[in-house]
Each structure stands twice: as C-alpha cells, then as structure tokens.
Amino acid sequence: MHGGKRIQGTAVVSEGAAHAVLRRGAVPALAAEEERALRMRLGASLPMTARLERIATASDAEIDLLAIEIEAFLAQRERGTAAAAPRAPAPSPSRTKEKIVRALRRRP
C-alpha cells in the first residue's frame, strides 16, 4: 500500500496505455507489489533514470563467492569459444593433386 490509503475501484486500461505509464516511472496509485506484477506481466522495464534498489543484503563471504563463480563462468565460456572456433584444415599433400599440377606445368 502506498501512504496507508488505498484507492478502491476498477478501471479498464489498454496495454499500450499501461506501457506508457510504466515507462514514465513509478506509479504512485499502485503498491510496489502491484507495480512489479504489472511490469512482469507486460514486460515493461524500469526507466533509465530509475534507481536500482537492493532487494537482499549479502554478506562479504556471499559476495566473494559470487565473484568467484562469475570469474569461473567467464573463464569457462572463454575456453569454450576458443575451442569451438573453426580452424582451417592444414593442407595435406595429395598425390593425385601433385600429378595434376605436374601435368598442367608440362603443357605448352
């Protein structure tokens, strides 16, 4: 609830109008949970000027563990892309190819 007073009633709002209102910023007529539910339902993101709130607090150990997990993930992804990069096959000498080249060189 916002400010202890809640507005009761029903309204019909189009999806486009809801997106436009949510793009402008926080909606004071809605509770925080209602606004989050609308944003999730409509796929509306926060405005670029909005301040991000920290929902949960983590201990230093949890933050360190998360940093280690991120570093390990990035290192694994880098190794995977390096290994998956297509390599040009090394040219192997072919006896048939050599015969053709010699024959073409002999031609006048």
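These are my notebook entries on a predicted model of a protein.

**Overall fold**

I began with the secondary structure, and for the protein I found four helices and zero strands. Reading along the sequence, I wrote the pattern down as α-α-α-α. I then looked up burial for the chain as a whole, and of the 108 residues of the protein 10% count as buried. For the accessible surface I noted a total of about 10300 Å², with 59% of that surface belonging to carbon and sulfur atoms. I also looked at contacts with a separation of 6 or more, and in the protein 32% of these are accounted for by residues 24 or more positions apart.

**Glu35 and its salt bridge**

How many salt bridges does the count come to? I obtained one salt bridge, and I identified the pair as Glu35 and Arg39, whose closest N and O atoms are 3.0 Å apart. I placed Glu35 in helix α2, which spans residues 32–42. Where do the two partners stand relative to each other along the helix? Because Glu35 and Arg39 are four residues apart in helix α2, I recorded a separation of about one helical turn.

Next I asked myself whether Glu35 is buried or exposed. Its relative accessibility is 12%, and since the cut-off for burial is under 20%, Glu35 counts as buried. I checked the partner by the same route, and Arg39, at 9% relative accessibility, counts as buried too.

Which residues does Glu35 touch, when those up to four places away in sequence are not counted? I listed Leu22, Gly25, Ala26, Val27 and Leu30. One of these, Leu22, falls within helix α1, which I have down as residues 15–24.

**Pairs distant in sequence**

I then turned to C-alpha distances, taking Glu15 as the starting point, a residue that lies in helix α1. Glu15 and Leu42 are 27 residues apart in sequence, yet I found their C-alpha atoms to be 7.5 Å apart in space. Glu15 has a relative accessible area of 52%, and I therefore entered Glu15 as exposed.

Still in helix α1, I looked up Ala20, for which the relative accessibility of 24% means that this residue counts as partly exposed. Between Ala20 and Ala44, which are 24 residues apart in sequence, I noted a C-alpha to C-alpha distance of 9.1 Å.

A further pair took me to Leu46, whose place is in the loop between α2 and α3. From C-alpha to C-alpha, Leu46 and Gly25 are 6.8 Å apart in space, with their positions 21 residues apart in sequence. I had already met Gly25 among the residues that Glu35 touches. Is Leu46 buried, partly exposed or exposed, and why? I entered Leu46 as partly exposed, because its relative accessibility is 42%.

**Surface patches**

Finally I looked up patches on the surface. Which residues form the nonpolar patch with about 370 Å² of accessible area together? I found Leu66, Ile70, Phe73 and Leu74 in this patch. I traced Leu66 to helix α3, which covers residues 60–84, and at a relative accessible area of 47% I recorded Leu66 as partly exposed.

Which residues form the positive surface patch? I wrote down Arg95, Lys99, Arg102 and Arg106. I located Lys99 in helix α4, with residues 95–106 as its limits.

How values were computed:
Residues are numbered from 1 along each chain as its sequence is written. This is a predicted model: local features need pLDDT of at least 70, side-chain atom pairs count only at pLDDT 80 or more; totals for chains, interfaces and linings use all residues. Side-chain values use heavy atoms; hydrogens and water are left out. Helices (H or I, at least four residues) and strands (E, at least two) are DSSP runs, numbered from the N terminus. Buried means under 20% relative accessible area, exposed over 50%, partly exposed in between (1.4 Å probe, protein chains only). Contact means heavy atoms within 4.5 Å. Accessible areas come from the Shrake-Rupley method with a 1.4 Å probe; for residues, only the protein chains shown count as cover. Patches are made of residues with over 30% relative accessible area and no salt bridge: like charges are joined within 9 Å, nonpolar side chains (Val, Leu, Ile, Met, Phe, Trp, Tyr) within 5 Å. A salt bridge is a side-chain nitrogen of Lys or Arg within 4 Å of a carboxyl oxygen of Asp or Glu. Lys and Arg count as positive and Asp and Glu as negative; His and the chain ends are not counted. The place of a charge is taken as NZ of Lys, CZ of Arg, CG of Asp or CD of Glu.
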